[in-house]
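Student: I would like a close look at the inside of this protein. Please take me through the empty spaces and the packing there, one part at a time.

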Amino acid sequence: MNANNSTDKIIISPVTDPGDEKRNENSITGAEALMRSLEHQGVTTIFGYPGGSIMPVFDALYDHRQTLNHILVRHEQGATHAAQGYARVSGRVGVCLVTSGPGATNTITGIADAMIDSTPLVVIAGQVGTGFLGTDAFQEVDLVGVTQPISKWSYQIRRAEDVAWAVARAFYIAQSGRPGPVVLDFAKNAQTEKTKYVPVKVDYIRSYQPVPDTDPEAVRQAADLINAAERPLVLVGQGVELGNAQAELRAFIEKAGMPAGCTLLGLSALPSNHPLNKGMLGMHGNLGPNINTNKCDVLIAVGMRFDDRVTGNVATYAPQAKVIHFDIDPAEINKNVQADVAVLGNCKDTLAAVTALLKPARHEEWLDSFRPYEQVEEEKVIRPELHPAGETLSMGEVVRAVSEATHDDAILVTDVGQNQMMAARYFRFSRERSIVTSGGLGTMGFGMPAAIGATFGCPGRTVCVFMGDGGLQMNLQELGTIMEQKAPVKMILLNNNYLGNVRQWQAMFFNRRYSFTPMLNPDYMQIASAYGIPSLRVFTREALQDAIGEMLATDGPFLLEACVVEEGNVLPMTPPGGSVNQMLLEC
C-alpha cells in the first residue's frame with residue numbers, strides 16, 4: 001500500500017490498563033491543579049499571553065473563566081507591569097501566565113522591577129517537558145537560573161503532584177515579610193500528567209523568617225532618642241504602605257510633633273495636606289526635607305532603603321544625626337547608611353510600640369525652619385512651573401490641573417523620566433496606595449500597562465497615568481489591551497519631543513550636546529483613533545481645563561496629549577554625586 005496515495009485512516013488507540021480508570025477517577029491534570037490552586041489562593045485576575053509550552057494550562061483556564069479573569073496583554077513585559085499595578089493598589093499578589101522561551105524572558109524586566117520595588121508577584125511560565133531539559137529544545141530557557149538573582153524564589157515544577165505545594169509556597173513567599181516576585185517554571189509534562197488534588201496551605205517555611213523578631217531594647221532606645229531630640233526628621237518609605245501602617249505613622253509623627261519627608265514610592269502613605277508632611281525626598285524632591293536632613297539631630301527612617309537618589313553622596317549624608325532605622329528586612333540595616341538603632345519588624349507593630357513610649361512634643365521652632373525653604377522653592381521653582389510666563393504649557397501645570405480636577409483623589413501612575421518627577425512633585429494625594437511608579441529600576445514603558453493593572457486592582461477609582469513621548473512608545477502595543485478591556489485609563493501624554501530627562505542631564509552636565517535625545521514622534525491622535533480610544537491634543541492653558549473635564553467625563557479610556565515646553569527642566573535638583581543640602585534651583 002502506498003501510504004501517500006491511500007485514503008485509509010490509521011487510528012492509534014492508547015494501550016490502557018483496566019485499573020487505570022479506577023485509579024484516576026479522582027485525578028486531574030497538573031494544569032487543572034494549577035487552576036484550583038490559584039482559586040484556593042483567592043486569585044481572581046491573571047495577566048498573560050498564551051503559547052505552546054503553556055497551552056495545557058490555557059486549555060484548563062477555558063473552564064475557569066467565570067472565576068479567573070484572564071487579561072490578554074499584547075506583550076509579556078506588559079503582563080508583569082500590569083500585575084505590578086494591580087498589586088500595588090490592591091495589596092494583593094499580582095499573577096502572570098506566559099509561555100516558555102521568549103515569553104518567559106520577556107518577563108525579566110518586570111520581575112527585576114518588582115524585586116527592587118518590593119512588589120508581590122507570581123510569574124508562572126511554561127517550560128519544555130523534563131525529558132527535553134538541557135537539550136536546547138525549541139523555546140527552552142533556563143528560567144530558574146536566569147531569575148534566581150532577581151526574585152525571592154524561583155522553582156521548576158517537574159511533577160503534577162507538586163503543583164498545589166509549589167503554588168501555595170509561591171504565594172506565601174511573595175506576600176510575606178518584604179514582598180517580592182516569585183517565579184514558577186512549569187514543565188509541560190507536569191501540566192498534562194494526572195494527580196490527586198488536595199488544597200495546600202503554607203504559613204511556615206523552615207529557615208525563612210519573613211518578619212524578624214523585634215528587640216524590646218531597640219524599641220526603648222529609639223523612643224529615648226526621639227524623646228531627647230530637638231530636631232527629629234522622619235523619612236517615610238513604601239514600607240509604610242506595604243505594612244498597612246498609615247494610621248500608625250500618623251500617630252507616631254503627631255504625638256512627637258515630628259516633620260516628615262516621603263520617598264517617591266512612599267508619597268501617598270501620608271496625605272499631601274498633612275501639616276507635618278514636608279514633601280518629597282531625593283534628587284528632585286523639596287528643598288526643606290532635603291536640606292534639613294543635614295541639620296536634624298535624629299533621623300528616623302521608616303520602611304525605606306536609603307537609595308542613592310535619596311541620599312546623594314552618602315559620605316556627606318546626615319553626618320550630624322543619630323539614625324534610627326525601622327525595617328522588616330535585616331539586609332537593609334547598615335547597607336548604605338549606618339544605623340545607631342535598628343528596629344526590626346513590621347512597621348505597623350514597631351511604630352505602635354515606639355509611639356507608646358513617646359512623650360508628647362511640638363518642636364515648633366524646628367518646624368518653622370522649613371518655611372524659608374518652602375518660600376524660596378515656591379518663588380523660584382513652583383510658582384514659575386505652575387504659572388509659567390510663556391504661552392507654552394509646562395509639565396507641572398498640567399499635572400496640578402489634573403490632580404485638582406480629580407479632587408486629589410485619583411490613583412497616580414507614571415512612566416519614567418521628567419513626567420515621573422513632575423507628576424510626583426505636583427500631584428496631590430488624599431488616600432493611601434495612590435502612587436504606582438517604577439522606583440528602583442526606573443523602567444521606561446512601565447506606565448501604561450501598570451495603569452491597566454491598577455484599573456483592575458481598584459475598579460472604583462480614577463486612574464491617571466502620566467507618560468512622556470519616549471516611555472509611551474516603549475509599550476505602545478498595550479493600547480490594544482486597553483481597547484479590548486475598555487480599561488478606563490486616563491492617559492496624559494506630556495509631549496516635549498525629547499527624551500526629556502536625558503536631555504536635561506545633557507544640558508546641565510554635557511554642554512548641551514543633545515546626542516540622540518530629540519524625538520520624531522507620530523501623530524498620537526491617529527494612533528488612539530485606530531484603537532477606538534477618544535483623544536484630544538492641547539497646546540494652550542485656555543484649552544487645558546476643558547480638555548481635562550472631557551477626559552474625566554468620558555466613560556472608559558482617554559488619551560490627552562499636552563504639548564509642553566520642549567526644554568523644560570525638573571527642579572530643584574541634587575547634582576549626581578552631590579550632597580542633599582546642595583540642591584540646584586536653576587540650570
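**Cavities and cores**

Tutor: Sorted by class, the residues lining the largest cavity are five nonpolar, two polar and three charged. Keep in mind that the model is predicted. The volume of this largest cavity is about 80 Å³. Its lining is made up of Arg88, Val89, Gln238, Glu241, Leu242, Leu265, Arg433, Ser434, Ile435 and Val436. Three elements each give two or more residues to that lining: α4 (76-90), α11 (239-242) and β16 (435-436).

How does one look for such spaces at all? Rolling a probe the size of a water molecule over the atoms shows where empty space is left. Counting cavities of 30 Å³ or more gives two.

The second largest cavity holds about 30 Å³ of space. Around it are Leu472, Leu476, Leu479, Tyr524, Ile527, Ala528 and Leu559. By class, that makes seven nonpolar residues, no polar ones and no charged ones. Helix α24, residues 524-530, gives the most to this lining, with three residues.

Next, a residue in a loop. Asn475 sits between α21 (469-474) and α22 (479-485), in the loop that joins them. Is Asn475 buried or exposed? Its relative accessibility is 3%, and buried means under 20%, so Asn475 counts as buried. A polar atom of the Asn475 side chain lies 2.8 Å from the backbone oxygen of Gly445. Gly445 also appears among the contacts of Asn475, together with Gln77, His81, Met448 and Pro449, once neighbours within four places in sequence are left aside.

Now the packing of nonpolar side chains. In soluble globular proteins, nonpolar side chains tend to be buried together. In this model the largest nonpolar core has 76 residues, and those with the most contacts inside it are Val234, Phe252, Ile300 and Phe466. A second core, separate from it, has 38 residues, including Ile28, Ile54, Phe171 and Ile173.

Take Val234 as an example from the largest core. Leaving aside neighbours within four places in sequence, Val234 is in contact with Leu249, Phe252, Ile253, Met258, Pro259, Ala260, Gly261, Ile300 and Val302. Phe252 and Ile300 are in that list, and both are also named with Val234 among the residues with the most contacts inside the core.

How values were computed
Residues numbered from 1 in each chain as written. Predicted model: local features only at pLDDT ≥ 70, side-chain atom pairs only at ≥ 80, totals over all residues. Heavy atoms only, no water. Helix = DSSP H or I, 4+ residues; strand = E, 2+ residues; numbered from the N terminus. Buried < 20%, exposed > 50% of the residue type's maximum accessible area, 1.4 Å probe, protein only. Polar contact = N/O pair within 3.5 Å; in protein donor to acceptor, adjacent residues only side chain to side chain. Contact = heavy atoms within 4.5 Å. Core = buried A, V, L, I, M, F, W, Y, C linked by side-chain atoms within 4.5 Å. 1 Å grid on protein atoms, 1.4 Å probe; cavity = no way out; pocket = protein on both sides within 12 Å on 5 of 7 lines; lining within 4 Å. Points joined across faces, edges and corners; volume = space filled by probe spheres on them. Nonpolar A, V, L, I, M, F, W, Y, C, P; charged D, E, K, R; others polar.
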